[in-house]
Protein chains: 2
Amino acid sequence: MRRTLLTMTPAPAQQPSPHQKPSARRPYHHGDLRRAVLTAALDVIAADGPSALSLRDLARRAGVSHAAPAHHFKDRTGLLTAIAAEGFGLLASTLNEAADLKDAGVRYVRFAREHPAHFQVMFTPELLRADDLELTTARALAGDALRGAVSAVRPESLGIDNRLAGVAAWSLAHGFATLLLSHNLDGPVGDKDPEEVFRTLAAMLFRSEPRENP
Amino acid sequence: MRRTLLTMTPAPAQQPSPHQKPSARRPYHHGDLRRAVLTAALDVIAADGPSALSLRDLARRAGVSHAAPAHHFKDRTGLLTAIAAEGFGLLASTLNEAADLKDAGVRYVRFAREHPAHFQVMFTPELLRADDLELTTARALAGDALRGAVSAVRPESLGIDNRLAGVAAWSLAHGFATLLLSHNLDGPVGDKDPEEVFRTLAAMLFRSEPRENP
DNA sequence: GGGCAATCTTGTCAGTGTCAAGTTGTGGGG
DNA sequence: CCCCACAACTTGACACTGACAAGATTGCCC
């Protein structure tokens, strides 16, 4: 828990704002503190997990006083909830562009690798304010996108209940992504491209009849 | 973060030990503090996640002084590492009794549901001391058990690389278990038995040729 | 230009992890 | 049987944290 405390000097570390008096040391208004805190938080979480996140540390990084972040996010839970909501929004938009179900799975895995902090927070409900409006709507959007990708595959042709096919696809992609992020597949996957490996797994799950019968 | 502080009275709350003087109020030696702290920690984590865990709170629950737990676990990370090691041990022993790969998957899901705190901690590496000996050996045991279940299925008959089959099975089971614990399958699964649902998913992944050709 | 609301600061409080140094009990060798 | 070394626990302290309240600063809109 102990941090170095060597960071006494405020150290602006961010371009203070678009239109500042050129000689102003540290402008009273940061300019875009909300975004600065968010991205700093994402850095910390990606590196050391959500438990390493400290509002005071984020404030120090942004060069503002210790209570400034709370004005934008209310409290720690609020910050994490904002991150999760943003994550679900990003996920929804990439899933909506998927060509088919396998592509959606690949995009799901890619999202987890490109936004590991978002991903981790999104699926840790005890860190979030469950009834937050932005969160619930963003999550619903992502859910719709997922269901859309599933329904496009016509799994009745495989004799499989549509609902279950969605759960299977989601489980496979989510499990692969999670194990990847927690470094549990470093051995098996090695230096191969994870997305390519996942494509093989997805083919195992949804393969059509062996030959004939289009 | 704020806790009630109504728990001022030490309140033994545990049978102090096997062989205590009958009139001793709070015996200096707890008797089995290590186990008491572990199970209290598992309760807290299962209810509110690892971030809600406080060594001082656990000490209060066990009726000992605030620094007592540290003597058994060194620090917070040590406690979580011990939990993870115990979890991998439990998982290994249940996987070793699996009849076949599908049964191993079912057991994996059952383990996650019966030991949600262990499961969550086991796959959150940033909370653990990665080089801990007990942890690494227990994890290796679980890995062996998993590989054993995979190799027993003879997936070459399906034309699939053995290694990949293992990753697929693990991903499916892990994803299903994770989504289950984070309440993301409450809708699709409903009040059905999750293990039964998972059996269906597993059948989708490893199904043999549609008919003839044993 | 004047006020007002958003933004940020300062100060404070209870709670936490961790370390160091002291107490208490217990089991094993003389 | 005793005593003593060591394990189990306590007490006290320090730096840190999230949260809240009250004040300071500033941009902006009428």
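This report describes helix α5 of chain A and two buried residues in other helices of the chain, A:Glu195 and A:Ala59, in a predicted model.

**Helix α5 and its surroundings**

Helix α5 of chain A covers residues 101–114, and at 1.5 Å a residue its 14 residues should span 20 Å, which agrees with the 20 Å that separates its end C-alpha atoms. Of these 14 residues, 10 are buried, so α5(A) is largely enclosed by the rest of the structure. The buried set consists of A:Leu101, A:Asp103, A:Ala104, A:Gly105, A:Val106, A:Arg107, A:Tyr108, A:Val109, A:Phe111 and A:Ala112. The cover over these buried residues includes, within chain A, α4 (76–96), α6 (116–122) and α7 (133–151), together with α8 (162–181) and α10 (194–205).

**Two buried residues in other helices**

A:Glu195 belongs to helix α10 of chain A, and, once residues up to four places away in sequence are set aside, A:Glu195 touches A:Val106, A:Arg110 and A:Arg113. A:Ala59 is part of helix α2 of chain A, which comprises residues 55–62. Leaving aside neighbours within four places in sequence, A:Ala59 is in contact with A:Val64, A:Ser65, A:His66 and A:Pro69. A:Ala59 and A:Leu33 are separated by 26 residues in sequence, while their C-alpha atoms lie 9.1 Å apart in space.

The relative accessible areas of the two residues are set out below.

| Residue | Relative accessible area |
|---|---|
| A:Glu195 | A:Glu195: 11%, buried |
| A:Ala59 | A:Ala59: 0%, buried |

Both entries count as buried because the cut-off for that class is under 20% relative accessible area.

Technical notes:
Residues are numbered from 1 along each chain as its sequence is written. Chains are lettered from A and ligands numbered from 1 in the order in which they are written. This is a predicted model: local features need pLDDT of at least 70, side-chain atom pairs count only at pLDDT 80 or more; totals for chains, interfaces and linings use all residues. Side-chain values use heavy atoms; hydrogens and water are left out. Helices (H or I, at least four residues) and strands (E, at least two) are DSSP runs, numbered from the N terminus. The expected span of a helix is 1.5 Å times one less than its number of residues. Buried means under 20% relative accessible area, exposed over 50%, partly exposed in between (1.4 Å probe, protein chains only). Contact means heavy atoms within 4.5 Å.
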